[in-house]
Amino acid sequence: MHIELSEKLKSFKPFLFEELYRKEKAERTRGKDIISLAVGDPDIPTDKSIVACAVSEVRKGANHRYPNTKGNENLRRAVCEWHKRRHGLVFDHDKEVSILVGSKEGIAHLPLVVMNRGDYCLIPDPTYPTYRTGVVLSGGRVHDVPLEEKNDFLPDLGKIPQKILGRTKLFFINYPNNPTGAGVTLDFFRDLVKWARKNEVIVAQDAAYCEIYFDEPTPSIFQVNGARDLAVEFYSASKTYCMAGWRAGWVVGNGKLACALNQLKENIDSGQFNAVQNAAAFALRNHEKILPAVRGRFKARAAAFCKGLRESGWHFVEPKGSCFVWARPPVKCPSLDAVCYMLEKASLLAAPGSGFGRFGEGFIRFSLTEPEPVLATAIKRIRALDWSGL
Ligand SMILES: Cc1ncc(COP(=O)(O)O)c(C=O)c1O
């Protein structure tokens with residue numbers, strides 16, 4: 001029987017990196033020792049104390065039953081305690097927090113709870129690709145908002161056309177930013193909240209990298225008065241506590257949105273394993289003990305990598321946070337050509353900026369999620385690369 005897949009599925013763009021991975025595999029098959037800095041999957045193991053907590057939680061029979069979709073009270077309370085310590089903000093653990101099976105699924109589901117066919121969602125360009133997922137599923141439309149170096153990779157709100165704004169429901173932003181490594185200021189959040197209120201746009205700040213900042217702590221949009229009327233923030237244990245495989249995330253902020261997201265999810269998943277949720281709660285409550293070492297390593301990695309790139313003639317703005325360096329090679333060329341050239345000549349794989357959007361063209365994203373000696377070898381290879389052959 002011929003199985004015809006849905007139009008919806010077909011409307012998802014093919015993964016741009018697929019062709020690259022094929023090339024990488026072919027190089028490996030030829031015996032090449034490839035270093036891949038293409039994906040942001042943290043190499044640092046989860047802190048032993050979190051693992052020990054999880055092991056004891058796995059042994060508890062009560063945790064073997066279905067969790068509830070909204071998340072268990074222990075984790076929701078731990079999220080609120082963390083916000084109180086970190087930003088001095090008080091959230092209602094019952095009404096303003098919902099636990100996610102990793103923040104990605106919440107991000108992908110949010111458009112489904114607010115967007116109708118034909119509504120617009122504003123998405124940064126370059127972008128983390130999942131913001132598009134829910135928009136496609138909801139039948140909504142995407143309007144790309146450029147993130148340009150001249151604006152510190154912050155959106156220029158005044159340039160978003162009024163006729164798009166008239167039909168815009170949602171705006172995803174993400175700081176510290178993947179892929180550019182840009183940071184955000186409270187002043188920008190103030191302008192954004194004012195603008196969003198005027199234009200009746202919901203703001204979703206993806207704070208996946210909020211704790212991987214290098215100098216200035218990342219503010220929360222909820223430090224702005226009134227932000228709770230129109231915004232949510234997505235959080236993730238994946239980078240902060242190096243728990244990417246555990247799938248723990250949460251959404252905080254506007255209660256109507258957090259509850260609506262939960263209502264949708266009740267029809268789709270049954271929540272995260274309580275043992276994982278309790279381990280994430282432990283991580284949040286021990287944040288000040290666990291996090292500095294993780295942040296320190298990413299900061300040192302970024303400094304060493306940037307030094308190597310600078311000395312090799314690359315152009316970039318130093319990242320303010322995240323696990324990424326976003327840079328232009330010494331020779332002006334399409335991102336994909338530069339990536340293929342590095343793969344062939346230096347056995348080094350990175351992500352082409354064009355894969356993150358039109359405004360990513362010309363850039364390369366290096367992910368610093370490999371151990372320090374591997375990153376040092378990568379830099380050695382970059383230094384030795386002769387671009388005159390491209
Ligand atoms: C910007 C951004 N947001 C969200 C996520 C998803 O994180 P999680 O592991 O919590 O689903 C990622 C993962 O790479 C990311 O880069």
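**Global dimensions, nonpolar cores and backbone exceptions of the predicted model**

For a chain of 390 residues, a compact globule would be expected to have a radius of gyration near 21 Å, and the value computed for the chain, 21 Å, agrees with this expectation. The structure is a predicted model. Along its principal axes, the C-alpha trace extends over about 60 × 60 × 55 Å. The secondary structure of the chain amounts to 14 helices and 13 strands. Of the 390 residues, 55% count as buried. The exposed surface of the chain comes to about 17,600 Å², of which carbon and sulfur atoms supply 54%. Among contacts between residues at least 6 apart in sequence, 75% join residues at least 24 apart.

The largest nonpolar core comprises 105 residues. Within this core, the residues with the most contacts are Phe171, Leu192, Trp195, Phe305, Leu309, Trp314 and Phe366. Helix H12, which covers residues 287-311, gives the most to the core, with 8 residues. The core also draws on both domains, with at least three residues from domain 1 (7-45 + 292-389) and at least three from domain 2 (48-288). When residues up to four places away in sequence are not counted, Leu309 touches Trp314, Phe316, Val325, Ala327, Phe366, Ile379 and Ile382. A second core, separate from the largest one, contains 19 residues, among them Ile123, Val135, Phe172 and Leu261.

The geometry of H12 was examined further. At 1.5 Å a residue, its 25 residues should span 36 Å, and the C-alpha atoms at its ends are indeed 36 Å apart, so the expected and computed spans agree. The buried residues of H12 are His287, Ile290, Leu291, Val294, Arg295, Phe298, Arg301, Ala302, Phe305, Cys306, Gly308 and Leu309. In an α-helix there are 3.6 residues a turn, so residues three or four places apart point the same way. The buried set in H12 includes the charged-type names Arg295 and Arg301 beside nonpolar ones such as Phe298 and Phe305. After the helix comes Gly313, with a positive phi near 85°.

Several backbone exceptions were also identified. Most residues other than glycine have a negative phi, and most peptide bonds are trans. A cis peptide bond, with omega about 10°, joins Asp125 and Pro126. Pro126 is placed in the loop between strand E3 (120-125) and helix H6 (130-138). Another cis peptide bond joins Tyr175 and Pro176, with omega about -10°. Pro176 lies in the loop that runs between strand E5 (168-174) and helix H8 (186-199).

Positive phi values occur at two non-glycine residues, Asp152 and Phe153. For Asp152 the angle is about 55°, and for Phe153 it is about 60°. Asp152 is found in the loop between strand E4 (141-146) and helix H7 (162-165), and Phe153 is likewise placed between E4 and H7. Their accessibilities fall into opposite classes. Asp152 has a relative accessible area of 55% and is therefore exposed, the threshold being over 50%. Phe153, at 5% relative accessibility, counts as buried, because burial requires a value under 20%.

Key:
Residues numbered from 1 in each chain as written. Predicted model: local features only at pLDDT ≥ 70, side-chain atom pairs only at ≥ 80, totals over all residues. Heavy atoms only, no water. Core = buried A, V, L, I, M, F, W, Y, C linked by side-chain atoms within 4.5 Å. Buried < 20%, exposed > 50% of the residue type's maximum accessible area, 1.4 Å probe, protein only. Helix = DSSP H or I, 4+ residues; strand = E, 2+ residues; numbered from the N terminus. Domains from an automatic or database assignment. Contact = heavy atoms within 4.5 Å. Expected span 1.5 Å × (residues − 1). Rg over C-alpha atoms; globule rule 2.2 N^0.38 Å. Areas by Shrake-Rupley, 256 points an atom, 1.4 Å probe, with all protein chains shown as cover.
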